[in-house]
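Welcome! Have the sequence and the 3D view ready, try each exercise yourself, and then read the worked solution below it.

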Amino acid sequence: MSAAPKCPACDTTAKAEIGQAGVCQLWRCACGLVFADRATWCDPYSIRDYYDPANQPVESYPLRVTATERDRIASVRRFIQTGRLLDFGGGIGKTALAAYEAGFSALVLEDSHKAVSDGKAHHPEIEWLEGKKIPDSIADGSLDVITLFHVLEHLPDPRVVLAQIHRKLRPGGLLVIEVPNWGSQMRRLRGLRWQFVLDHHVNHFTSASLTSLVEKSGFQSCAVEFRRTFAINESRPWKEPLKKLLCLLGFGDILRCAFRKTA
Ligand SMILES: [Zn+2]
């Protein structure tokens, strides 16, 4: 057994090794974060483009937003109706497009060169930024909303990213984060065979560990919601009440939290 690594959320030495996921050892900290040992982890997307057709099915342009993206923007609009919204790690831009259609001025930050070049060509109504961090051209305090849908679990140093997000948001601005929910009953049942234990997921959050990390970065929690995924035919109407019931029973394996930047 290797030496216990330090937690990327709170710098405490990890409390327990909980097993092997691919080439990585997973550890749990007293703060609740489960994380891959950075010494053994290597980001598979540092060497290939996530949106390369060899890695990902290609969507046809122009993009069409679905109920999934509209539901994401509905969570934003509980708190802020309009303004400048940046979708961090926004992929091909469907969430940003849903924000644009709801009346926001929408930006996408995305590391995939392919996603950004295709997006610029087909969706000029969105502002496209290529990279892993928000560029200096976006002034501090100039954004009303930043969203991260299935991004924070990929980032080896989430505190650095949250500090930058805090700077770029205006006081009172909104941060919405969605990640797989390590605290779900489904994860307890499946253990390390849970569908979200993947080689590119370096952090695993519960609502408590996510809230603790984000609040330490200068935010205040304002909403915690759960969603349930189904592998196929997401849009079948009869699945919606079933998904809500499963969430009430603790089987919501997607965690969506909203935070306000305090002063
Ligand atoms: Zn910790």
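**Exercise 1. A strand and its partners**

In which sense do β7 and strand β8 (residues 169–180) pair, and over how many bridges? Then find out how the chain travels between them.

Solution. Before you begin, keep in mind that this is a predicted model.

Step 1. Look at the pairing: β7 and β8 run in the parallel sense, and 6 bridges link them.

Step 2. Pick out individual partners. I146 has L175 of β8 as its bridge partner, and V145 is matched with L174 in β8.

Step 3. Follow the chain from β7 to β8. The path goes through helix α4 (residues 158–168), and this β-α-β crossover is right-handed.

Step 4. See where that helix rests. α4 lies across β7, β8 and β11 (254–261), and runs at about 145 degrees to β8.

Step 5. Turn to another partner of β7. Strand β4 (residues 84–88) pairs with β7 in the parallel sense over 3 bridges, and there D87 stands opposite T147 of β7.

Step 6. Ask how enclosed β7 is. A residue counts as buried when 20 or more other C-beta atoms lie within 10 Å of its own. In β7 (residues 143–149), 7 of the 7 residues are buried, so the strand is largely enclosed by the rest of the structure.

**Exercise 2. Laying out a sheet**

Write down the order of the strands in the open sheet of 7 strands, and explain what is special about its edges.

Solution.

Step 1. The order is β6-β5-β4-β7-β8-β11-β10, and the pairing is mixed.

Step 2. At the edges stand β6 (127–130) and β10 (219–227); each has a single partner strand, so one side of each has no neighbour in the sheet.

Step 3. From one strand to the next, the twist averages 15 degrees.

**Exercise 3. One residue in its surroundings**

Is L255 buried or exposed, and which residues does it touch?

Solution.

Step 1. Locate L255: its place is in strand β11.

Step 2. Count its neighbours. L255 has 22 C-beta neighbours inside 10 Å, so it counts as buried.

Step 3. List its contacts, leaving aside residues up to four places away in sequence: L255 touches E178, V179, N181, F205, S207, L210 and F226.

Step 4. Compare sequence and space. L255 and F149 are 106 residues apart in sequence, while their C-alpha atoms are 10.0 Å apart.

**Exercise 4. Two hairpins in another sheet**

Trace the open sheet of 4 strands and describe the hairpins that β2 takes part in.

Solution.

Step 1. The strands are ordered β1-β2-β3-β9, with antiparallel pairing. Its edges are β1 (16–21) and β9 (203–204), each with a single partner strand, so one side of each is left without a neighbour in the sheet.

Step 2. Take the hairpin of β1 and β2. The two strands are joined by 5 bridges, among them a pairing of A16 with R28, and G19 stands opposite L26. There are 2 residues between the strands, and G22 in the turn has a positive phi of about 65 degrees.

Step 3. Take the hairpin of β2 and β3. Here 3 bridges join β2 to strand β3 (residues 34–36), and R28 has V34 as its bridge partner in β3. This hairpin has 5 residues between the strands, with G32 at a positive phi near 105 degrees.

Step 4. Check β2 for burial: 4 of its 5 residues are buried, so β2 is largely enclosed by the rest of the structure.

**Exercise 5. A pair of helices**

At what angle do helix α1 (residues 67–77) and helix α2 (residues 94–101) pack, and which residues make the contact?

Solution.

Step 1. The packing angle is about 60 degrees, and the axes of α1 and α2 are 9 Å apart.

Step 2. The two helices are therefore oblique to each other.

Step 3. α1 passes α2 in a right-handed crossing.

Step 4. The contact is made by E69, R70, R72 and I73 from α1, together with K94, T95, A98 and A99 from α2.

**Exercise 6. Backbone details**

Where does the cis peptide bond at P62 lie, and what is the phi of D11 and of H150?

Solution.

Step 1. The bond from Y61 to P62 is cis, with omega near -5 degrees; P62 is found in the loop between β3 and α1.

Step 2. D11, in the segment before β1, has a positive phi near 70 degrees. D11 is exposed, with 10 other C-beta atoms within 10 Å.

Step 3. H150, in the loop between β7 and α4, has a positive phi near 60 degrees. With 15 C-beta neighbours inside 10 Å, H150 counts as partly exposed.

Note on methods
Residues are numbered from 1 along each chain as its sequence is written. This is a predicted model: local features need pLDDT of at least 70, side-chain atom pairs count only at pLDDT 80 or more; totals for chains, interfaces and linings use all residues. A residue is buried if 20 or more other C-beta atoms lie within 10 Å of its own, exposed if 12 or fewer, and partly exposed in between; C-beta atoms are placed from the backbone. Two strands pair if DSSP finds at least two bridges between them. A crossover is right-handed if, with the strands pointing away from the viewer, the path from the first strand over the helix to the second runs clockwise. Axes are lines fitted to C-alpha atoms, for helices over the stretch in contact, and angles run from 0 to 180 degrees between N-to-C directions. Angles under 35 degrees count as roughly parallel, over 145 as roughly antiparallel, 65 to 115 as roughly perpendicular and the rest as oblique. A crossing is left-handed if the near helix is turned anticlockwise from the far one by less than a right angle, and right-handed if clockwise. Two residues are in contact if their C-beta atoms, placed from the backbone, lie within 7 Å.
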